[in-house]
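Trainee: I keep getting lost when I try to take in everything at once. Please pick a single part and go through it with me closely, then show me what lies beyond it.

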There are 2 protein chains.
Amino acid sequence: MSDAEADRTFHALADATRRDITRRVLQREQSVSSLACRYEMSFAAVQKHVAVLEAASLVTKKRRGREQIVHANLDALRRAARLLDEYEQLWRHRADTMAGILAETGEES
Amino acid sequence: MSDAEADRTFHALADATRRDITRRVLQREQSVSSLACRYEMSFAAVQKHVAVLEAASLVTKKRRGREQIVHANLDALRRAARLLDEYEQLWRHRADTMAGILAETGEES
DNA sequence: CTAACATACAACCAAATGGTTGTACAAACG
DNA sequence: CGTTTGTACAACCATTTGGTTGTATGTTAG
């Protein structure tokens, strides 16, 4: 995952409205306007939030008649989760190395 | 995880420098200045990045003499990863429900 | 004690963010 | 056909962000 991609993904997730939109479309894909009516803000504001999610590939839009249907992209979510897992692996590697060094000194004959 | 907490966490992760700092301190805790010298930007800028990570509980600082040692907080990372996993579960639940409905109609006597 | 070091923090600035309203246009309904 | 609906997009605005420099403070080394 590139830096720019991670930037876009985490930035998209760093907003409660966008996380809520993500949850909604994970459960059921729906049009931008059916999403918009759930929130206090204007339609244009919701449209912008969807655009941010789309730029991060967290959702995609497909036209159906005059509606634009928003679908979740599970793969992008998994890539983000995986990046966090990799961070944990860094820590684990350090822990292993330290344990190894301790074991080594303990083994000194 | 509260909305505000998720906001802070993902916002903190939505910057390449901050992710890099996170990786470094996961591998080895170190002082703010030893981190700062790795980047082109000013010391104060790095200090601010660390503050953002700290506000998100992704790192903590502990004073050691005149230095401030930055430690990674693995738990906060795990909480973020878990939130993403919950999103995947939402999707999975929908998939299961749909599969159930299909099975049900197929079972009609 | 003094000098150098590590940090903290305020003030400032340009750019990005998150919202608004208004306009335009295509698709669907009656 | 005209009207409503769903979307797109530009212009604008307040606030936040990400950087800078400068100053102050505490801590260690000599």
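Mentor: One term before we dive in: when I say "contact", I mean heavy atoms within 4.5 Å. Keep in mind, too, that what you're looking at is a predicted model.

Let's start with A:Ser31, which sits in strand E1 of chain A. Is A:Ser31 buried or exposed? The cut-off for buried is under 20% relative accessible area. A:Ser31 has a relative accessibility of 7%, so it counts as buried. Who are its partners, then? If we skip the neighbours within four places in sequence, A:Ser31 is in contact with A:Glu67, A:Gln68 and A:Ile69.

Now zoom out a little, to the sheet around that residue. In chain A, 3 strands make an open sheet, and reading across you go E1-E3-E2, with antiparallel pairing. At the edges you find strand E1 (30-31) and strand E2 (59-64) of chain A, each pairing on one side only. Strand E3 of chain A covers residues 67-72, and E2(A) pairs with it in the antiparallel sense over 6 bridges. To see one matched position, find A:Val59: across from it, in E3(A), stands A:Ala72.

A:Val59 is also a handy landmark for what lies outside the sheet. Take A:Asp75, a residue of helix H5 of chain A. A:Asp75 and A:Val59 are 16 residues apart along the chain, and their C-alpha atoms are separated by 9.9 Å. A:Asp75 has 45% relative accessibility, which is why it counts as partly exposed.

Let's hop over to chain B and look at its sheet. Here we have an open sheet of 3 strands in the order E1-E3-E2, with antiparallel pairing. E1 and strand E2 (59-64) of chain B are at the edges with a single partner strand each, so one side of each has no neighbour in the sheet. On one side of the sheet, E1(B) pairs in the antiparallel sense with strand E3 (residues 67-72) of chain B, over 2 bridges. You can put residues to that pairing: B:Gln30 has B:Val70 as its bridge partner in E3(B), and B:Ser31 has B:Ile69.

B:Gln30 deserves a pause. It belongs to strand E1 (residues 30-31) of chain B, and with 11% relative accessibility it counts as buried. Its side chain makes a polar contact of 3.5 Å with the side chain of B:Ser34. Leaving out neighbours within four places in sequence, the residues in contact with B:Gln30 are B:Arg24, B:Val25, B:Leu35, B:Gln68, B:Ile69 and B:Val70. Notice B:Val70 in there: you've just met it as the bridge partner of B:Gln30.

Next, the pairing of E2(B) with E3(B). These two run antiparallel and are joined by 6 bridges. One of the matched pairs is B:Val59 with B:Ala72, which lies in E3(B). E2(B) and E3(B) form a hairpin with 2 residues between the strands, and B:Gly65 in that hairpin takes a positive phi near 65°.

Finally, let's see how the two chains meet. How many residues does each chain bring to the contact? Chain A gives 31 residues and chain B gives 31 residues. Between them, about 2800 Å² is buried, with carbon and sulfur atoms giving 64% of that area. Of the area that chain A buries against chain B, 23% comes from A:Arg19, A:Leu84 and A:Tyr87, more than from any other three residues.

There's plenty of polar pairing here as well. Chain A and chain B share 8 salt bridges, and one to look up is the 2.7 Å (N to O) link between the side chains of A:Asp7 and B:Arg19. You'll also find 14 residue pairs in polar contact between the chains, counting pairs with both residues at pLDDT 80 or more. On the side of chain A that touches chain B, helix H1 (3-13), helix H2 (16-27) and helix H5 (74-107) each supply at least two residues. H5(A) has the largest share, with 14 residues. Sorted by type, that side of chain A has 16 nonpolar, 3 polar and 12 charged residues. And that takes us back to A:Asp75, which you already know as a residue of helix H5.

Note on methods:
Residues are numbered from 1 along each chain as its sequence is written. Chains are lettered from A and ligands numbered from 1 in the order in which they are written. This is a predicted model: local features need pLDDT of at least 70, side-chain atom pairs count only at pLDDT 80 or more; totals for chains, interfaces and linings use all residues. Side-chain values use heavy atoms; hydrogens and water are left out. Helices (H or I, at least four residues) and strands (E, at least two) are DSSP runs, numbered from the N terminus. Buried means under 20% relative accessible area, exposed over 50%, partly exposed in between (1.4 Å probe, protein chains only). A polar contact is a pair of N or O atoms within 3.5 Å; within protein, one must be able to donate a hydrogen and the other to accept it, and residues adjacent in sequence count only if both atoms are side-chain atoms. Buried area is the accessible area (1.4 Å probe) that two parts lose on being put together, summed over both. A salt bridge is a side-chain nitrogen of Lys or Arg within 4 Å of a carboxyl oxygen of Asp or Glu. Ala, Val, Leu, Ile, Met, Phe, Trp, Tyr, Cys and Pro count as nonpolar, Asp, Glu, Lys and Arg as charged, and the others, Gly among them, as polar. Two strands pair if DSSP finds at least two bridges between them.
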